[in-house]
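Me: Hey, can you help me look around this structure? I'd like to start with the ligand.

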Amino acid sequence: MIHFTLRQVFVFDAVAKHLSYSRAAALLHLTQPAVSMQIRQLEENVGIELLEQLGKKIFLTEAGRAFHSHCQNILSELNDAEAILADIKGMYGKFSICVASTAAYVAPKLLAEFCRQHPKAQVSLSVTNREMLLQRLADNEADMAIMGRPPESGGLDAIPFMENQLVVIAPPEHPLIGIYPIPLSMLEQETFLVREQGSGTRIAMERFFLEHRMRLLTGTEMNTNEAIKQAVQFGMGLGVVSLHTISLELETGKLKTLDVEGFPIKRYWYIVHRKDKHLSSVARSFKSFLLEKTNQN
Ligand code: PGA
């Protein structure tokens, strides 16, 4: 019978995920030697090497990969057990939510309203793009997510709760402003600044232009909405962004939207979690809170 401790599982999971002792140490608030020692003891306990160092890089061995996948199951079960026990004890526990970078323009307001109604709720919010977010759900690192349309496969429960319109933005002096409607074909002469690969906005924009058989001239790729908005303001090109991201710029007149045929692209924000996830009562309340919003829209 192999013996290892839960602490070793936590440490190994962190090292295996980041393939770095120092990053794992920082995340777990431990020193690097403490992390190395836990891994050494774990390898002694299981009787096989789980990690190997080649040059400066760390890799999982075959045994390490197999063991890691079971560690993730163990941690996921623990997480669910914690949520179930908190429910039984009647505690109003905590939950973690991960939102797509564009959804970060709507999520804090919603959370603030929810936390005002539920002062004991402890929420942790992280922001990343669509691709990383799906990974975090798959790894059970976030209880729920707010994102654009999630993939059909992947065992996810996803419900739309709020509209998300994508618009074409331009600097205030752009010659197409005031034309209504702007034929789509006129955009072929424009340069578009685009979000990074993996962004939901980028996928929706590319799909839209492909469906309309349009070839776009794409300029610089940028990984935040803020960078796109700034670059558009300074005349580097046009952009396609969510209306949620530009309320301030529209108010101050720093950006304008163009009345292009077929726009706005209508999308929705979805509340998403794994189908097999046991949501704590506070997480379930947050989900219901968002779904009530749907009825108000
Ligand atoms: P993103 O937004 O472009 O910030 O990933 C998510 C989405 O619109 O699906």
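Below, we chat about the ligand and then two residues.

Reply: Sure. This is a predicted model, where local features need pLDDT of at least 70, side-chain atom pairs count only at pLDDT 80 or more, and totals for chains, interfaces and linings use all residues. Residues are numbered from 1 along each chain as its sequence is written, and side-chain values use heavy atoms, with hydrogens and water left out.

Me: Cool, which residues are around the ligand?
Reply: Among them are Thr 102, Arg 130, Gly 148, Gly 200 and Trp 269, where being near takes a heavy atom within 4 Å.

Me: How far is a polar side-chain atom of Thr 102 from an oxygen atom of the ligand?
Reply: That gap is 2.7 Å, and a polar contact is a pair of N or O atoms within 3.5 Å. For Gly 200, a backbone N or O atom lies 2.9 Å from a ligand oxygen atom.

Me: And how much of the ligand does the protein bury?
Reply: The protein buries 100% of the 280 Å² that the ligand exposes when taken alone. Those areas come from the Shrake-Rupley method with a 1.4 Å probe.

Me: New topic: is Lys 229 buried or exposed?
Reply: Lys 229 is buried, because its relative accessible area is 3%; buried means under 20%, with a 1.4 Å probe and protein chains only.

Me: What's 2.7 Å from a polar atom of its side chain?
Reply: The backbone oxygen of Thr 245.

Me: What about Phe 114, buried or exposed?
Reply: Phe 114 is buried as well, at 0% relative accessible area. The C-alpha atoms of Phe 114 and Ser 285 are separated by 9.0 Å, though these residues are 171 residues apart along the chain.

Definitions and conventions: Buried means under 20% relative accessible area, exposed over 50%, partly exposed in between (1.4 Å probe, protein chains only). A polar contact is a pair of N or O atoms within 3.5 Å; within protein, one must be able to donate a hydrogen and the other to accept it, and residues adjacent in sequence count only if both atoms are side-chain atoms.
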